[in-house]
Amino acid sequence: MLTKVIEQAKIDHFTKWFERADKIVIVSHVSPDGDAIGSSLGLYHFLDSQEKTVNVIVPNAFPDFLKWMPGSKDILLYDRYKEFADKLLAEADVICCLDFNALKRIEDMADAVAASPARKILIDHHLYPEDFCKITMSYPKISSTSELVFRLICRMGYFDDISKEGAECIYTGMMTDTGGFTYNSNNREIYFIISELLSKGIDKDDIYRKVYNTYSESRLRLMGYVLSNMTVYSDCNSALITLTKAEQSKFHYIKGDSEGFVNIPLSIKNVRFSCFLREDTEKPMIKISLRSVGTFPCNQLAAEFFSGGGHLNASGGEFFGTMEEAKAVFEKALEKYKSLLTAKS
Ligand code: 5GP
Ligand code: MN
């Protein structure tokens, strides 16, 4: 049995909307990851099975390693089909906002979502949700939005209507937001849910291979290159990896090629904080990705030094300036947090 994470009143409220709605639009965050796509498609398959008119819209493209997911071909990219997407948003009965906590995380779609007269629900697990939806289902202790989608469908009484396809999408989001169940994954109920998803006929080993073992040769070479230039700050139990625009073109970088790189330095003994600085190809800025193990609050460091945020162990931000300047800021941040980084856990 699962704990009742979502309050009954919220389940009842959403069920009422669901029963009356015909046109439902699901939206998720910019540069969608496995959980954004997994939760959106998990909900999409369920709503589709209930004869609703459902559309999933995301701000921009998502990585190739998610394109095998059932339903992914029907996802609308806002930066390509803005007019059609605007119409769907304006005419929706209900808009489900998945896996983000603030309208700015959907970038150019924010205005259309805010302006729509549709009823709006937020289903998310990021800290500090903004108040832009009538129903806010926000549970930062839950490791993925996909898990919340599973919990929501079950609590509404529709476990039997989760299809194998829907289960595959939910599983993918749960898996990717926990690094293949290697962090934020000690809640035993996760494994009860996986067991339920397996009962739908999913092949979890195959899903793992499809997500993690389908990279290009150039990505693997890029990984080798980036790691060979890594800086380890032993006195701060930290490591830094970087990737400039020039290096990206040398390795025929395509979007998503550096996905997961930031986690690799954490495999070094005693390294408990990792930073990845990547020069953006479109805007004059450096994208920052941070990961930590244990209690080190990398989201706090992201907010303080890189106008960002996120989760305790996975956060990010942006820096407008050169790579050298970003690196200097990172080193300043290390100095400030040195005592926390070297504290006995
Ligand atoms: P990633 O390193 O995978 O890009 O991001 C990890 C997590 O950090 C995301 O799930 C998100 O919660 C947070 N994050 C990443 N970039 C930003 C940012 O620019 N601003 C904020 N507030 N959070 C971010
Ligand atoms: Mn997520």
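**Close-up views of a predicted model**

**View 1. His125 and its surroundings in the predicted model.** His125 has a relative accessible area of 3%, so it counts as buried, the limit being under 20%. This histidine sits in the loop that runs between β5 (119-124) and β6 (135-138). Apart from neighbours within four places in sequence, the residues in contact with His125 include Tyr139, Pro140, Ile142, Ser143 and Ser144. Asp35, Asp99, Asp177 and His311 are also among the contacts of His125. A separation of 29 Å is found between the C-alpha atoms of His125 and Ala326, which are 201 residues apart along the chain.

**View 2. The manganese ion (ligand 2) and its protein donors.** Asp35 (OD), Asp99 (OD), His125 (NE2) and Asp177 (OD) are the protein donors, and they lie 2.2 to 2.3 Å from the ion. Along the chain, the donors of this manganese ion follow the spacing D-x63-D-x25-H-x51-D. Asp35 and Asp177 link distant parts of the chain, being 142 residues apart. Asp35 belongs to helix α2 (residues 34-49), while Asp177 is in the loop between α6 (164-176) and α7 (188-198). Asp35 and Asp177 are both buried.

**View 3. Helix α5 (residues 145-155) within the structure.** Of the eleven residues of this helix, nine are buried, so α5 is largely enclosed by the rest of the structure. The buried residues are Thr145, Ser146, Glu147, Leu148, Val149, Phe150, Arg151, Leu152 and Ile153. Two of the residues in contact with His125 are Thr145 and Leu148, and both are buried in α5. Gly157, just after α5, takes a positive phi of about 95 degrees.

**View 4. The protein chain around these sites, with twelve helices and twelve strands.** A compact globule of 345 residues would have a radius of gyration near 20 Å, and the chain agrees with this because its value is 20 Å. The C-alpha trace spans about 60 × 45 × 40 Å along its principal axes. Of the 345 residues, 53% count as buried. Among contacts with a separation of 6 or more, 67% are between residues 24 or more positions apart.

**View 5. The exposed surface and the charged side chains of the protein chain.** The chain exposes about 16000 Å², and carbon and sulfur atoms supply 50% of this area. There are 41 positive and 47 negative side chains. The centres of these two sets lie 4 Å apart.

How values were computed:
Residues are numbered from 1 along each chain as its sequence is written. Chains are lettered from A and ligands numbered from 1 in the order in which they are written. This is a predicted model: local features need pLDDT of at least 70, side-chain atom pairs count only at pLDDT 80 or more; totals for chains, interfaces and linings use all residues. Side-chain values use heavy atoms; hydrogens and water are left out. Helices (H or I, at least four residues) and strands (E, at least two) are DSSP runs, numbered from the N terminus. The radius of gyration is taken over C-alpha atoms; the globule rule is 2.2 Å times the number of residues to the power 0.38. Buried means under 20% relative accessible area, exposed over 50%, partly exposed in between (1.4 Å probe, protein chains only). Contact means heavy atoms within 4.5 Å. Accessible areas come from the Shrake-Rupley method with a 1.4 Å probe; for residues, only the protein chains shown count as cover. Lys and Arg count as positive and Asp and Glu as negative; His and the chain ends are not counted. The place of a charge is taken as NZ of Lys, CZ of Arg, CG of Asp or CD of Glu. Donors are N, O and S atoms within 2.8 Å of the metal (3.2 Å for Na, K and Ca); water is not among the atoms, so sites may look incomplete.
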